[in-house]
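Please look through the structure shown here and work through the questions on its helices, rings and core that follow.

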Amino acid sequence: MADRRFLTKLLEALSQDGGKVASLPTIKMASCEKRRSAPAPATGSGLVEPVRAGAGAREPESEAEFLLQSGVTSMVREALLKVLEARPEEPVSFLASYFEKLVLSGPQGGAAGDRHGQQQRLVRALWYVRLAHHSHRTAFNNNVSMAYECLSARGRRKKPGVNGRIYSELLKKICQDGEAPEEVVSFLLRKIQCRDHEAVPFDVFRYGVLSCFVLLEFVAKADTLYNVLDDGSGVADKRVCQAVLDTLEDALGASDFSVPIHYLEAGSKLGPDYLALAMDKALLERKICFSMNREEFLKKATALFIAKVKPID
Amino acid sequence: MLSPERLSLPGPEYLAQRHVLTYMEDAVSQLLENREDISQYGIARFFTEYFNSVRQGTHILFREFSFIQATPHNRASFLRTFWRCFRAVGKNGDLLTAKEYHCLLQLLCPDFPMELTQKAARIVLMDDAMDCLMSFSDFLFAFQIQFYYSEFLDSVAAIYQDLLTGKNPNTVIVPTSSSGQHRSRLAPSECSPLDGVEASLFYHCLESLCDRSKYSCPPSALVKEVLSSVQRLTFYGFLMALAKHHGINRALGALPDKGDLLLDPPMDQELEKLLSQVSGLSISTPAGSSGDIANLPTRRSPWKPLHHCQKVNIESDGSTDETESSEN
């Protein structure tokens, strides 16, 4: 909540700034943002306010008033806040899908049937958790808690909380869109899944979601690593692959990551010189040349990662 | 994919760098212009469509020049639209003058300044004979450089002039300036036997220009490539080389390679479909170049003047019968 207020302030400063260079309507917008010094952070479905001041307005209202009354101001503010939180690479696409979501979630809200509604909530939760990259931790945490809230609201029956089934479903959906091989995903899921009827506390929820995203990124990284190793030929030398994997294992291995210095140790073990040495040594070994294909490499690399994921109990 | 520095930028800077506010402001002022329609239509839906059209690059159609050149994305979208709309001109092998190309540009952007068109034509024609005819692709690639890198080229022109008159370009640190100065002083005017400026010196100046500039510049590695192949070069020689460079075209990303400029099978198919529909309905609209235009999603009224302004001076180099038949 604290950083939300901070962002709001930031935005206020920003819209005043923008007003100087911008066209007339923006100045007006900026001024009406100023007037609204204590904005109530409208969340979720309340965003799409029906426009009452429509065709039959009594007198021509000023532009600023129109923007305020029709909810444009708050909608724009919310959208910009989301952009600032997530810092997407392509803000225009981000905004397009953000507003699209608003249109979809707006009018029919939670009116849909239970089964159907659950599917919708899942889609919505998925959208939330993808809004910001997980390295952007506050934004990511914010979005995960939005997703959690979204999943725990269960229609009319008031039984708040997320159960294991929908949690697993969400994790599966997250993983489906990455390029991670199915086998790898199921290994991970086995470690972090809950039982269908179990209630999933937020900590576990967040941990599971985060693990999935990190796994996806790890797989993508391992994939590019393989691209380097095979040099575009499609097959990489087995000795070199194994050397790289061993180095990786060594770096991840024994160390206990609750102690900060171990991060530095791991980093130095994966430094270019250390790695080059290992690869060089591997190439010098006189063995018959085998190759390792991409699947095998990815499987071995991710196994190292998954071994490090703490299971939920 | 991830460029991490964007995560550490202060908020306003991030928004400015990605031109988020430019679009948000434009969206709101568009909304205000059509507020009656939009309040019935739904505001979120309006924003969705606005940002979708920005993403697809159709947002610049018939907009004012100041908006079209406001962001690199807008410029690239305009170039792509221009190419897609008037591809047929190139396909028919028509050669047009700068004025006629300007007419075409104004169909998409009514207040498009003549000055830019002229500058682009100067690149093709190497600064002389301004009423000459140009092929579509020559003009398009020259126009692309001129339009997209407009501010960059202005600075380049200033630097070039400085070098030519033997002045050390101010605000630029040039390690080899003494020798460069000396030599360019020997060649004070453009008609001297040693035409232009020394390429390596020129590159040094441009490199530091690219470092400083807040506007888009061509990738400096490619500029280096262009400049390293020659000893000396003139301003227009340089611009011409930029315009013809495949790498720069690719880096800019608005247009396909020159070879593929006139190829677009899906569009051709659609065109044929449309043409057959039109002839089936036996409406006597001018076919040919207008068919392409009919593909555009929006208002079609501004297209009419094209055919008049175009036909006055068409120099068909006899390449196609299509042009002939479409005239009748």
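Q: Which residues of α10(B) are buried?
A: In this predicted model, α10(B) is mostly covered, with 12 of its 13 residues buried. The buried residues of α10(B) are B:Phe136, B:Ser137, B:Phe139, B:Leu140, B:Phe141, B:Ala142, B:Phe143, B:Gln144, B:Ile145, B:Gln146, B:Phe147 and B:Tyr148.

Q: How far apart are the end C-alpha atoms of helix α10 (residues 136–148) of chain B, and what span should its 13 residues have?
A: At 1.5 Å a residue, the 13 residues of this helix should span 18 Å. The computed separation of its end C-alpha atoms agrees with that expectation, and it is 17 Å.

Q: Which residues form one aromatic cluster with B:Phe136, B:Phe139, B:Phe143 and B:Phe147?
A: The four phenylalanines named in the question also appear among the buried residues of α10(B). The aromatic cluster that holds them is completed by B:Phe65, B:Phe78, B:Phe82, B:Phe86, B:Tyr101 and B:Phe112.

Q: Why does the pair of B:Phe78 and B:Phe112 count as stacked or tilted, and which of these is it?
A: Over all chains the count comes to 34 aromatic pairs. The rings of B:Phe78 and B:Phe112 have their centres 5.6 Å apart, which is within the 6.5 Å limit for a pair. Their planes lie at 10°, and because planes under 30 degrees apart meet the criterion, the pair is stacked.

Q: Where in chain B do B:Phe78 and B:Phe112 lie, and how many residues apart are they?
A: Both B:Phe78 and B:Phe112 are buried. B:Phe78 belongs to helix α7 (residues 72–91) of chain B, whereas B:Phe112 is in the loop between α8 (98–108) and α9 (114–125) of chain B. The pair therefore links distant parts of the chain, and the two residues are 34 residues apart.

Q: Is B:Val89 buried or exposed?
A: B:Val89 has its place in helix α7 of chain B, and its C-alpha atom is separated by 8.7 Å from that of B:Ser135, 46 residues apart along the chain. Its relative accessibility is 2%, and because the threshold is under 20%, B:Val89 counts as buried.

Q: The charged end of which residue sits over the ring of B:Phe67?
A: One arrangement of this kind has the charged end of B:Arg45 over the ring of B:Tyr41, 5.5 Å from its centre. For the ring of B:Phe67, a charged end sits 4.1 Å from the centre, and it belongs to B:Arg63.

Q: Which residues have the most contacts inside the largest nonpolar core?
A: The largest nonpolar core has 165 residues, and its largest share, 13 residues, comes from helix α10 (residues 202–230) of chain A. The residues with the most contacts inside this core are B:Phe47, B:Phe202 and B:Phe238.

Q: With which residues is B:Phe238 in contact, leaving aside its neighbours within four places in sequence?
A: B:Phe238 is one of the buried residues of α15(B), a helix (residues 235–244) in which 7 of 10 residues are buried. With those sequence neighbours left aside, the contacts of B:Phe238 are B:Val156, B:Phe202, B:Leu206, B:Val223, B:Val226, B:Leu227 and B:Leu233.

Q: Which residues does A:Cys150 touch, not counting residues up to four places away in sequence?
A: A:Cys150 lies in helix α7 (residues 137–152) of chain A, and it is buried, with a relative accessible area of 12%. Without those sequence neighbours, the residues that A:Cys150 touches are A:Arg121, A:Arg124 and A:Ala125.

Key: Residues numbered from 1 in each chain as written. Chains lettered and ligands numbered in written order. Predicted model: local features only at pLDDT ≥ 70, side-chain atom pairs only at ≥ 80, totals over all residues. Heavy atoms only, no water. Phe/Tyr/Trp six-rings, centres within 6.5 Å; stacked < 30°, edge-to-face > 60°. Buried < 20%, exposed > 50% of the residue type's maximum accessible area, 1.4 Å probe, protein only. Lys NZ or Arg CZ within 6 Å of the ring centre and 35° of its normal. Core = buried A, V, L, I, M, F, W, Y, C linked by side-chain atoms within 4.5 Å. Contact = heavy atoms within 4.5 Å. Expected span 1.5 Å × (residues − 1).
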